[in-house]
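The following questions and answers introduce a structure to a first-year student. Please study the sequence and the structure before reading on.

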Number of protein chains: 4
Amino acid sequence: MDRCLDRPGRPATPRARGQLTRRKLLDAGGQAFAAKGYHATRVDDVVKLARTSHGTFYLYFANKEELFRALAEEVATAMADLATSLGPLEPSARGRAALRSWIADVCALYDDYGPVIRAWTEAEIGGNEVGRLGTDVLTQFTRVVYRRVEEVAPPDLDAGIAALALVAMLERLNYYVLSGQVDVAVDAMVDTLARVIHGSLFGA
Amino acid sequence: MDRCLDRPGRPATPRARGQLTRRKLLDAGGQAFAAKGYHATRVDDVVKLARTSHGTFYLYFANKEELFRALAEEVATAMADLATSLGPLEPSARGRAALRSWIADVCALYDDYGPVIRAWTEAEIGGNEVGRLGTDVLTQFTRVVYRRVEEVAPPDLDAGIAALALVAMLERLNYYVLSGQVDVAVDAMVDTLARVIHGSLFGA
Amino acid sequence: MDRCLDRPGRPATPRARGQLTRRKLLDAGGQAFAAKGYHATRVDDVVKLARTSHGTFYLYFANKEELFRALAEEVATAMADLATSLGPLEPSARGRAALRSWIADVCALYDDYGPVIRAWTEAEIGGNEVGRLGTDVLTQFTRVVYRRVEEVAPPDLDAGIAALALVAMLERLNYYVLSGQVDVAVDAMVDTLARVIHGSLFGA
Amino acid sequence: MDRCLDRPGRPATPRARGQLTRRKLLDAGGQAFAAKGYHATRVDDVVKLARTSHGTFYLYFANKEELFRALAEEVATAMADLATSLGPLEPSARGRAALRSWIADVCALYDDYGPVIRAWTEAEIGGNEVGRLGTDVLTQFTRVVYRRVEEVAPPDLDAGIAALALVAMLERLNYYVLSGQVDVAVDAMVDTLARVIHGSLFGA
DNA sequence: TATGAATGAGATTTCATTCAT
DNA sequence: AATGAATGAAATCTCATTCAT
């Protein structure tokens, strides 16, 4: 961290420092978006958190939206991975445990990346590229859930909409809980979500 | 306060025009928020839609937030009314039909007031009074659902969280659908929601 | 005050009511200027104090400045009268008593009209008509003082500047005292002013 | 906080430019207030005089009032210094010369900072912090004069009020003269003030 | 690479004045 | 004679982005 090491003449640690600065900005962005939301976050908030300057910010990101997109892409990867990890749904107790475990992963991911997920589904930025990225990721995620629901859905249930409804529930409940609007233990939330989803597919 | 001028018979001009203008601004606000979201909406958008002037806007509302709050209060009333209209949940086909009908009402309300509901639960304006109003209304709404769920919940289900999860699902699915991010018929959505909720409580 | 007396068909008390309204506005203006100063006073403040409407205001005065000018003209008259009432200055005890009495009148006038006097000497409105009116009145007033000073001034004293200095002292001390910036009894102020002025002309 | 970049030898660019801009704004403010008065001065006038942009202005001052306050604080310092430089008052010719010299300093200060002094004693901005600062400085200034007057005041003279009256005369006469409302040479003004003040204390 | 000063377009807000009734 | 709603020009203020060093 001692900056005095890279003395004038020598470039020193080729681009390691740049990567570090970029990372600091990404982290700061995550924090800032979490605290105030995408729109209310100022570039100033980000650079202050990152302990850099405005000039530096624009060295790494073309604008605020690009910072957000970079963050969003990290989340997109994580969500895609998570989606593929959902195994077949089964009525058995074992199936239910598997479901519960997956839901726990979803909640953990939301815990890490909630603000980003939240922001990209906002209508406010729905018109632009980032909104589209968000929609795509969510659509992708929902498609996987859909496939699993379809395998077991009773004939009177529209698997497409049901999958969407379940994803909606997962996302929004996490939002309520993480934004502190309600006071619920994460564990109890995971239990209940598993119970409700399992129940709605296979009965109580 | 009865002025001698507005005698019965004469059109009651006194306050009528003002109220009309206020209404126009409120409606315009609803439209604008729906179209561009709370943050992206400019006071200018609102007055253009309402076909008035900037000055007039500030005659009726101190700022954009106050306009939003006024709108939010209308929604709060509507939601409170809707909440009380939820009857007991029952496993019977009749009970399910009643539930479906209530859900249809919820979706209709969301159709009318969606953008406001959406905006007030966003973290961006969560720090202020409006955010609190939103939280309060949603809490109130959830409480009513909670009471009904509690009456019939199987012992292995936490009625409080379940009620929250169901409200989350209702709200977020409507959001997905109304924001055009996915393409689903309202009727099918209502069916599925009724099916999922009923199923999760009483089995398939 | 019962407005219902002037029934539609009859004009009733020809223009008495108008004069009353005008007076109310003038008084309200005086109060408002006193409380917040000329610039910070809004037409709205005036009409609220006068319990009338904006429309009515502009029925009687072309604008805020005209209201001020009307007020200023009242003061101008009073000051001109006061100026002529200053008798010859004399070293005797009797002369000093006469001076004291005149100063008491000046302070009383300042008590009544202070805010107007204050406002018109402000540089802020010095460029316009009102400022000129103020300057004229003050010049006139000073001229009278000048004549009396000249009659008795020792040769080493420039009567013109001395007169100006005395008027300045009279005006500003009253301002300090009336604006509440310092806490001094009016009587003591009058005594001291008489003493200082008399002393500066005739010795202690 | 010592950054490795600004090593001794390199021009100390870091803060210098900013300070210069701030200074330019301060000076421009002084000019603008002098020319149009506090209320009539627009932020726009200031930035035009300083040859900067609106944005830059708000980088250094939160608003017009803050700029004024900064200016006022400079004046406050100068006035406090001036106050302490007043020596004992003496009836002798030498004492009178000393008094005259001090008055000359006061008038010079008023020449430099007149508009600020003028503005802060106005009722218009008297309700806020700046007004208080002005009152404090003037009170402080008066207190020093008071001490000197008290040392020599004849028993029939209230030294407190007399000091106030003298300060009032100094301030207001300068105002009349500098605002161009009357046409008086500064030298003659200083002479007359010295004569009047000396005379009022020690006789002609 | 990094900085912090500067910018200016655009948003918000105020308020003297006019207008329809 | 009186009202209160409406107006819009002008002022204030914000902030993403660029620039000089």
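Helix axes are lines fitted to C-alpha atoms over the stretch in contact, and the angle between two of them runs from 0 to 180 degrees between N-to-C directions. The model is predicted.

Q: At what angle do α7(A) and helix α7 of chain B pack, and is α7(A) roughly parallel or roughly perpendicular to α7(B)?
A: The axes of α7(A) and α7 (residues 159-178) of chain B are 7 Å apart, and the angle between them is about 115°. Angles of 65 to 115 degrees count as roughly perpendicular. Therefore α7(A) is, relative to α7(B), roughly perpendicular.

Q: Is the crossing of α7(A) and α7(B) left-handed or right-handed?
A: The sense of a crossing depends on how the near helix is turned from the far one, and a clockwise turn of less than a right angle counts as right-handed. Where α7(A) passes α7(B), the crossing is right-handed.

Q: How many charged residues does the contact of α7(A) with α7(B) have?
A: On the side of α7(A), the residues that meet α7(B) include A:Leu164, A:Glu171 and A:Arg172. On the side of α7(B), B:Leu164, B:Glu171 and B:Arg172 are among them. By class, this contact has 12 nonpolar residues, no polar ones, and charged residues numbering four.

Q: Which element gives the most to the side of chain A that touches chain B?
A: In the wider contact, 39 residues of chain A meet 38 residues of chain B. The elements of chain A that give two or more residues to this side are α1, α7 (159-178) and α8 (186-202). The most, 10 residues, come from α7(A).

Q: How many nonpolar residues are on the side of chain A that touches chain B?
A: This side holds 10 polar and nine charged residues. Its nonpolar residues number 20.

Q: From which element does the largest share of the side of domain 1 of chain A that touches domain 2 of chain A come?
A: Chain A is assigned domain 1 (11-60) and domain 2 (65-202), and their C-alpha centres lie 28 Å apart. Between them, 10 residues of domain 1 of chain A are in contact with 10 residues of domain 2 of chain A. The largest share of the domain 1 side, nine residues, comes from α1(A).

Q: Which element gives the most to the surface near DNA strand E?
A: There are 38 residues around DNA strand E, and A:Gly55 and B:Asn63 are among those that come nearest. These residues divide into seven nonpolar, 21 polar and 10 charged. With five residues, the element that gives the most is α1(D).

Methods: Residues numbered from 1 in each chain as written. Chains lettered and ligands numbered in written order. Predicted model: local features only at pLDDT ≥ 70, side-chain atom pairs only at ≥ 80, totals over all residues. Near = placed C-beta within 6 Å. Helix = DSSP H or I, 4+ residues; strand = E, 2+ residues; numbered from the N terminus. Nonpolar A, V, L, I, M, F, W, Y, C, P; charged D, E, K, R; others polar. Contact = placed C-beta atoms within 7 Å. Parallel < 35°, antiparallel > 145°, perpendicular 65-115°, else oblique. Domains from an automatic or database assignment.
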